[in-house]
Every structure is written in C-alpha cells, then in structure tokens.
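Here is a short note for a colleague opening this structure for the first time. Please keep the model on screen while reading the points below.

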Amino acid sequence: MTVERDTELTSIEQDGAAVRATLKHKSGAQQIVETPWLVGCDGAHSTVRHLSDEGFPGEADPWSYVLADVIVEGAAQADDVHIYLHDEGELFLFVLDEGRRLVVASGNRSSDPAESPTLEQMQDIVTRRSGGDFRITDPRWLAAFHIHYRLAPHYRHGRVFLAGAAAHIHSLIGGQGMNTGIQDAHNLAWKLALVLRGVAPETWLDTYEVERRRVAEDVIAMTRSATQQTEMFAELSANDRVKLCEHLFVPESEKQRARRHAEGLDLDYRSSPLCIEPEDDFDAGPHAGAEALDAGRLVVEGVERSFFDLLHAAAHRLLLFAGVQGDASSEQLERVAREVVEKHQHWIDVFVVRTRSHEATLPAGVVAVEDPQGAMHQRYGAVAPCLYLIRPDGYVA
C-alpha cells in the first residue's frame, strides 16, 4: 500500500455495487477510483463525512487550550504524568516517546480560536502553574485549539463508512482517541474482509455501528466529565477543592478498573446481533460479547504457550473443549472438528482443548491444545463438553 500525499478527495458517488471516488492530484490531474467500499478515517474535519452529507452534532467546550510537544527538564519522572490545578487553569504534562512530553494548558473562556503560542509563552504558563519545576525546550510543534464533543448520527452510508475522529471527537484527556479509532478500524476491517470473501452477508456490516457507536458515546461522556471537573477548579471553594483532590486518590482495585475502562479494555458487545449464547448461559465462563480470557499454561505441539499466543491470526478461532473429565469422546470431537474444517476452514481456525494429552489423530488443520492444569477449562466454565467461537478482535462470538 502507498500513501498518496497531496491527493484530495473531491467527490463520492455510489450505487448498489461500488463507490466511485474522484481524486485530485498535486499536478491538478483528476482520477476516478472505483472500490467496493470506502472508509473515511480522515479526522475531525472529515471530507468523507461532508461528502456523505452526514451531520456532526455536538458543541465546543467554552475554554481555549494551548499545547506543545517539547523536551521537559526538571523533576519529571520518566513515566509520570503531572497534573496541576491552578487558579489560572490546568496544566498537564503527558508522556510521549523519545523522552518528550505533551504539555497541555487551558487558556480562557473564548469561542474564538486562539493563536498558536510561542515557546516563551508556554514556558511562562508552565513556570507559573507548576511553581517553576520545569524548563521546556526543543518544540516539535506548538498549537492552540478548542475541545469539541461531537458524534456522527450514523457510521454507515451505503458503501461508505466513518471511523475514528471522522465519526467522534472529544477531549484528549486520558488519550483515548487513538485507542478508540484503532478499535473502530479493527472492528470494521474483519467484517469487511469476510463480506468481500463471500463468507458473511452484508448485514454483518451494520453491526459495526451497533457495536462501536455506543463506545464513542461513553468515551465522550467520560472525557467531558473529567475535563469539566478540572476546568471548574478555579471557581471552587477551598473545601470543594480539597474534596476534588481527595477523589483523585482511589483504591488500587478501582484505579485498575478505571485504567481498563479508559484504555478501552473492558468493552462488552453482548447486545450485538453477532454475539450468541444458548439459553442455558455459560455462567462460569465469559459471556458472548465479552473479551476472551487468557488462561494458565497450555501445551501446543510440545511447546508451552498462553492462550493469547493463539489469538494472533486474523481468523475466527473455534475452541472445542472436551470437558474437565474428558467427557467428550475422541470420535465426537473429531467429527465436529472435521465438519467445521471441511465447511469453514477458510475463515475459522479449530482448536481441540483437552486436560491431558491424547494419541488420537485429529483432522488436518485442527490444532490439539493440552490444558494440563485445567486452568483454561475452569476459566471458560468447560466442566462439560462445550465450544466457544472467538472473533478476530478477541471477543467471544
């Protein structure tokens, strides 16, 4: 794949079979590209969204912000985020790569876009709000912006899709925009791949919006609440300031729960049409729509592996559990495995999971997994023989 810079999308037309996108190159030459599907991953000012006549309802935060990508010298520990709440406004020092920091500071209440700050202006803000702890140098860039909270009503328009900031924007607090956008793209990509290969019907593509739009709603609400709490600091009484700071310190268990939520690691697609359970739910294991769980030591072809080691492929994974007592006969497991391989090997990888090694020969393409401590059977509630289908994004189908 080649990224074509200085190439502009100028129009989109679609019918029931394809999308025709008109591109304008740097030379001025125009090109029409025909594609079965088009995905707009082109940011908050998405051309794809505008050309699709999709709205972007929401509103701007009343405060202006400035930010800088700089080297910070001083008392900052390499992996620590520094947050200062000041009468003038907040100051954040986030961790970047190569020893750099993203410095973010609120400005004033203004609906007008602020001018980009100078390094000297940023240093002045950092000095006043941090108490003079840091010196900033070597800016890669300096910018000013307003936070917007916006969400597209729909992620799909026929054969055109929106993903990432083209579909949702919010406060950068917590750094969740990248994770959410990558998850959007992954969720849509494996479904598009199966539709293009003729494995899945086009209706599967409707589940992209069903599963991902509510995630964006949650991220917008969460980041808005966190941002507004820090913005109101200057207007709080002394007692309320103490209460706000006290709320920043929580038990380790709550901190880990909040971290998983902020990183988008506690997603649940239970309500998706693609997540199915029998009526007698597997109460002891992860439900359909939950993240697949790792388990203790496994042995595959004589090599110790974790379950997550088996999840790197882009296919669905079918786990056929023999049960804790090995209740499923070799003939039963072999028959089910063979049927799945014969019909679905082009999109499903099959694993037979037993608590002990077995000499039976499995059909070609089926992987035998030994669960010697029974940890995987326990985590998946596989007391009796059962099966789990795991989606390419690592969630239970």
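1. **An exposed loop residue.** This is a predicted model. Start with Glu98. Its relative accessibility is 65%, so Glu98 counts as exposed, the cut-off being over 50%. Glu98 is found in the loop between strand S7 (89-95) and strand S8 (100-109). Look at its backbone too. Phi of Glu98 is positive, at about 55°, although Glu98 is not a glycine. Most residues other than glycine have a negative phi.

2. **A second positive phi.** Asp6 deserves a look as well. Its phi is near 60°, a positive value in a residue other than glycine. Asp6 lies in the segment before strand S1 (8-14). Is Asp6 buried or exposed? Its relative accessible area is 54%, so Asp6 is exposed, given the cut-off of over 50%.

3. **The chain as a whole.** Now step back. The protein chain has 8 helices and 18 strands. Its C-alpha trace spans about 75 × 55 × 40 Å along the principal axes. Of the 397 residues in the chain, 42% are buried. Take the contacts with a separation of 6 or more: residues 24 or more positions apart account for 66% of them.

4. **Surface and charge.** The accessible surface of the protein chain comes to about 21000 Å². Carbon and sulfur atoms hold 53% of that surface. The chain has 38 positive and 62 negative charges. How far apart are the mean positions of the positive and negative charges? They are 1 Å apart.

5. **A buried glutamate.** Go next to Glu211. Its place is in helix H4, which covers residues 206-231. Glu211 has a relative accessible area of 1%; this is under 20%, so Glu211 is buried. Which residue meets the side chain of Glu211 in a polar contact of 2.6 Å? The partner is the side chain of Ser272.

6. **The surroundings of Glu211.** Leave aside residues up to four places away in sequence. Glu211 then touches Asn187, Lys191, Tyr269, Ser272, Leu274 and Arg391. Ser272 thus appears twice in this account: in the list of touching residues and in the polar contact with Glu211.

7. **A three-stranded sheet.** One open sheet has 3 strands, in the order S4-S11-S10, with mixed pairing. Its edge strands are strand S4 (38-40) and strand S10 (156-157), each pairing on one side only. Strand S10 and strand S11 (residues 160-162) run antiparallel and are joined by 2 bridges. Arg156 stands opposite Phe161 in S11. Strands of a sheet pair through backbone hydrogen bonds, either parallel or antiparallel.

8. **A covered strand with two partners.** Strand S16 (residues 348-354) is mostly covered. How many of its 7 residues are buried? The count is 6. Strand S15 (residues 316-321) runs parallel to S16, and 6 bridges join them. Here Leu319 stands opposite Phe351 in S16. Strand S17 (residues 366-370) also runs parallel to S16, joined by 5 bridges. Val350 has Val366 in S17 as its bridge partner.

9. **Where to look again.** Three places repay a second look. One is buried Glu211, with its polar contact to Ser272. Another is S16, with 6 of its 7 residues buried. The last is the pair of positive phi values, at Asp6 and at Glu98.

Methods:
Residues are numbered from 1 along each chain as its sequence is written. This is a predicted model: local features need pLDDT of at least 70, side-chain atom pairs count only at pLDDT 80 or more; totals for chains, interfaces and linings use all residues. Side-chain values use heavy atoms; hydrogens and water are left out. Helices (H or I, at least four residues) and strands (E, at least two) are DSSP runs, numbered from the N terminus. Buried means under 20% relative accessible area, exposed over 50%, partly exposed in between (1.4 Å probe, protein chains only). Contact means heavy atoms within 4.5 Å. Accessible areas come from the Shrake-Rupley method with a 1.4 Å probe; for residues, only the protein chains shown count as cover. Lys and Arg count as positive and Asp and Glu as negative; His and the chain ends are not counted. The place of a charge is taken as NZ of Lys, CZ of Arg, CG of Asp or CD of Glu. A polar contact is a pair of N or O atoms within 3.5 Å; within protein, one must be able to donate a hydrogen and the other to accept it, and residues adjacent in sequence count only if both atoms are side-chain atoms. Two strands pair if DSSP finds at least two bridges between them.
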